[in-house]
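Subject: Handover of a structural model

Dear colleague,

Please find below the structure that I am handing over to you. My notes on it follow directly after.

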Amino acid sequence: MKKPDQPGKFRIFGKSWKKDDFCKAMAGAAVSFGATSLFALYHGYLGICYSSGWHKSIGVFYFLLTAIRGMILLTEKGNLELSGEKQHFRRYRTFRISAILLLMLDLALMPPIALMAVFAKPVNFGLIPAIAMAAYTTCKTTMASIHVRRQKRRPTGNILIAELRTVNFIDALVSILTLQNTLIMVNEAKDSAHDMGFLSIVTSAGIYAAIAGITIRMLWKGLKQARYPGAIQS
């Protein structure tokens with residue numbers, strides 16, 4: 001009996017994987033969901049144990065991020081065997097709920113960003129872990145930017161995929177802000193504290209304004225697409 005050509009099957013699977021943006025988005029969302037859940041639990045634990053306002057507030061942000069990603073994953077999993085009309089209904093329903101969570105997420109960012117701007121974020125590690133954090137943040141930001149550009153070049157018309165890529169980009173921006181604050185505090189010199197404080201406030205305000213703008217744009221386009229399927233593709 002002839003054995004199946006396993007390498008050939010792997011090549012076919014690899015080619016299909018490269019072309020299937022939906023599967024890649026769902027796989028990435030599943031990994032991000034797991035990582036974000038750990039972040040939420042970790043910061044929640046530190047916030048309770050050490051009575052840290054920053055850890056508690058950033059833990060709320062990651063909890064909301066986990067909820068949004070989880071809702072999208074559950075909705076798309078349930079859509080696998082449904083017709084197009086039912087899929088659209090379920091996506092619109094999930095989008096309406098997750099839109100509220102997205103607005104809450106933006107509001108939840110205000111306390112941790114304010115604490116970071118005045119250097120109230122606890123830092124208890126040295127330069128080497130900070131460099132490792134910089135590499136991780138760079139990778140996360142690069143991947144989020146690639147996914148957003150891919151959405152514009154090859155739109156899927158799926159409102160939840162667009163929302164998923166938006167929250168990924170917001171997550172990356174928050175990571176950049178956290179990294180900046182950490183590096184400043186690790187390398188802070190007394191004679192430059194005032195200048196660094198001003199820089200932190202300005203960049204924190206700028207990044208938060210960008211996050212708010214991205215959220216509003218996503219909600220506007222998402223609501224328009226939900227009401228008029230196919231009207232908005234990017």
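A polar contact is a pair of N or O atoms within 3.5 Å; within protein, one must be able to donate a hydrogen and the other to accept it, and residues adjacent in sequence count only if both atoms are side-chain atoms. Helices (H or I, at least four residues) and strands (E, at least two) are DSSP runs, numbered from the N terminus. With these terms in place, Asn158 can be described as the cap on the N-terminal end of helix α6, since one of its side-chain oxygens lies 2.9 Å from the backbone nitrogen of Leu160.

This is a predicted model, in which local features need pLDDT of at least 70 and side-chain atom pairs count only at pLDDT 80 or more, while totals for chains, interfaces and linings use all residues. Residues are numbered from 1 along each chain as its sequence is written, and side-chain values use heavy atoms, with hydrogens and water left out.

Overall architecture

The protein has seven helices and zero strands. Of its 234 residues, 40% are buried (under 20% relative accessible area; exposed is over 50%, and partly exposed lies in between, with a 1.4 Å probe and protein chains only). Contact means heavy atoms within 4.5 Å; among contacts between residues at least 6 apart in sequence, 80% join residues at least 24 apart.

Helix α6

The 28 residues of α6 should span 40 Å (1.5 Å times one less than the number of residues), and the distance of 41 Å between its end C-alpha atoms agrees with this. Burial is extensive here, as 23 of the 28 residues of α6 are buried.

Salt bridges

A salt bridge is a side-chain nitrogen of Lys or Arg within 4 Å of a carboxyl oxygen of Asp or Glu, and the count by this rule is two. In one of them, Asp171 pairs with Arg69, with the closest N and O atoms 3.3 Å apart. Asp171 belongs to α6 (residues 159-186) and Arg69 to α3 (residues 53-78), so the pair ties together parts that are 102 residues apart in sequence. Both Asp171 and Arg69 are buried.

Arg91 and Glu76 also form a salt bridge, at 2.9 Å from N to O. This pair links α4 (residues 84-117), which holds Arg91, to α3, which holds Glu76, across 15 residues. Arg91 counts as buried at 17% relative accessibility, and Glu76 counts as buried at 3%.

Ala117

Ala117 lies in α4 and is buried, with a relative accessible area of 12%. Residues that Ala117 touches include Asn181, Gly197 and Ser204, not counting residues up to four places away in sequence.

Yours sincerely
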